[in-house]
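Me: I would like to learn how to read the sheets and helices of a protein model. Could you take me through one?

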Amino acid sequence: MAKSTTFSCSACGASHSKWSGRCDACGAWNSITEEAPLSAGPASKSLGGKRGRTMELTDLATQEDPPERTLSGINELDRVLGGGLVGASAILVGGDPGIGKSTLLLQAAASFAAAGLKAVYVSGEESSAQVRMRAQRMGLSEAPVKLATETNLRDILTTLEVEKPDIAIIDSIQTMWADNVDSVPGSVSQVRSAAHELTTFAKRKGMAVVLVGHVTKDGQIAGPRVVEHMVDTVLYFEGERGHQFRILRAVKNRFGPADEIGVFEMTGEGLAEVSNPSALFLSDREEPAPGSVVFAGIEGTRPLLVEFQALVAPSPHSQARRTVVGWDGSRLAMILAVLEARCGIPFTGLDVYLNVAGGIRIGEPAADLAVAAALLSAREDAALPKETVVFGEISLSGALRPAGQTENRLKEAGKLGFTRAILPAKSKTGSGLGVSVMEMTDLSGFVGEVFGAG
Ligand code: TYD
Ligand code: MG
C-alpha cells in the first residue's frame, strides 16, 4: 500500500518517515512538516541527446559550443555568474527577507534588457504598482522589462510560453503554487514542484530562469536550500543589517568558480557596485589600534583586504564568553587552543570578541594568522606595526602553512599602501611589489618576533 504522507524538513528538504522535533540531517528545530506525497507526474523531457542513448564525452565536447553568455554590464554580478548569464540555465538567489534581492534582480532585469535580452519579471509578492514605484525610485521606469504579478504556476508558464523571454525572474519561489500539488504555498512540496517545473521549462525553451528564495527562520515555509540541487547556480545575497554593504556570493556554479563574490552598496537609488571593496572595507580604519589587524584575503578570484578586530577582557562570568561576527566560531576556539597549547598563552577567564569590520563574512583558513594576531594584540594591548597585513593558515601543531595566491594578496596590499606583510615561510611571494615580507615558520616564533613574548 502506498504511504499517504511523508514528512520533510523545510530548512534542508530532507525527507523523514516520521515527525520529530529536530531534523537529523541539518539540525534545525521545529522544521519538519507533514507533506502530501509528490505524484509521479509525466516523465520529464531529457535535457539533451536522444532518450535512452548514451554518447561519448568527447562527442559532446565537439558537438556543443561553450555556453553563450550575456553580460549585464553590472560587473559585480557578471563576475559572480562566472562571466555573464548563461542561456537556458537556472539560478537561485537566496537571502534574508529585506536584504535587497528584489532590488538587485530588478536592476539585473533592466540591465539584461538593455543588453538586448527579453526579460520578464514575475512578482508574486508585490503588486505591479509597487514594483513600478521601486523601478521609478531606481531610475528604471523606462526599462523594457515585462512585468507580471502572478502566483499560479500554470498561469506563469502560460505567460512565459507566450512571451518567450530570454530571462525570467521569479520573485519569489515561495509564493508560487501549483494547483496539482495538494499542499499550501510555501511548503516543501510546493516549492520543489514549482522549482522543478520552472527549471525544466527553462531548459526546454532555452530560457534562463532566476528563482528568488527567502531564507526562512520559522519552519512553516520552505527555505532556498530545498531547491539548491535543482539549479545550476546558487547565489546568496548577504549583509549585516545596519550596514549598507551587500555581498553576492556564489556557493555553487556549474558555469564558473564557486566562492566568487560581488560587492554592492545599498543606496537610496538601489544597489551600487563597489569595484574596489578593499578600500571600502578599510575606509573607517584609523591609526593602528590594539586588537586590529588587516588580513589580506582572497574571495573567489579577487584579493580582498579586511580588518579583523578583537577585544579581550577579564570575564565577570563563570564561563568566559566567545563571541564572533563574520568568522567561524569553532575555528576561533581552535586558534585559542593552539595559542594556549603551543605558545603557552592562556585565554581562560578572559572574554573574547572577534569581529570582521564592514559586515562581511570570511571563510578562508588563511585568516587564521590574522585572527591569532588580533587576539594577541588585544590581549597584550599592543598594536601591530603600522601598514602591516597578515595571512597564513595555522595547523594544530602551531606550524604555519602558506596560503594560495600569495602574490595577489601582496599586490593588493601594496596597491592600498601597505608596506609590510607577515606570512608563513615558504610562501611563493614573487618579486618585490613594494611590500617587505616577514616569514614565520610557526606560531610561537610569530608571537616572539611580533609581541616579544612566548
Ligand atoms: P528588497 O529588494 O525589497 O529586499 P528583498 O527582496 O530581499 O526582500 O529590499 C528592501 C530594502 O532595501 C528595504 O529595506 C529598502 C531598501 N532599499 C533601499 O535602501 N534603496 C532602494 O533603492 C531600494 C529599492 C530599497
Ligand atoms: Mg523581495
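What follows is a short dialogue on domains, sheets and helix packing.

Me: What should I know before I start?

Reply: This is a predicted model, where local features need pLDDT of at least 70, side-chain atom pairs count only at pLDDT 80 or more, and totals for chains, interfaces and linings use all residues. Residues are numbered from 1 along each chain as its sequence is written, chains are lettered from A and ligands numbered from 1 in the order in which they are written, and side-chain values use heavy atoms, with hydrogens and water left out.

Me: Which domains does the assignment give?

Reply: Domain bounds come from an automatic or database domain assignment. Here they are domain 1 (1–37), domain 2 (69–275) and domain 3 (280–451). Between the C-alpha centres of domain 1 and domain 3 there are 42 Å.

Me: How do I read a strand order, and which strands stand at the edges of the sheet of 9 strands?

Reply: Strands of a sheet pair through backbone hydrogen bonds, either parallel or antiparallel. Two strands count as paired if DSSP finds at least two bridges between them; helices (H or I, at least four residues) and strands (E, at least two) are DSSP runs, numbered from the N terminus. The order 8-7-9-10-6-11-12-13-14 describes an open sheet of 9 strands with mixed pairing. Strand 8 (145–148) and strand 14 (270–273) are at the edges; each has a single partner strand, so one side of each has no neighbour in the sheet. Strand 13 (residues 261–267) and strand 14 run antiparallel, joined by 4 bridges, and Phe-264 stands opposite Glu-273 in strand 14.

Me: What is the order in the open sheet of 7 strands?

Reply: That order is 17-18-16-15-19-22-23, again with mixed pairing. Its edge strands, strand 17 (322–325) and strand 23 (436–440), each pair on one side only. Strand 15 (residues 292–299) runs parallel to strand 19 (residues 388–390), with 2 bridges; Val-294 has Val-389 as its bridge partner in strand 19.

Me: How do helix 8 and helix 9 cross?

Reply: Axes are lines fitted to C-alpha atoms, for helices over the stretch in contact, and angles run from 0 to 180 degrees between N-to-C directions. Contact means heavy atoms within 4.5 Å. The axes of helix 8 (residues 329–343) and helix 9 (residues 368–380) come within 10 Å and cross at roughly 65 degrees. Residues that meet include Leu-332 and Ile-335 in helix 8, and Val-371 and Leu-375 in helix 9.
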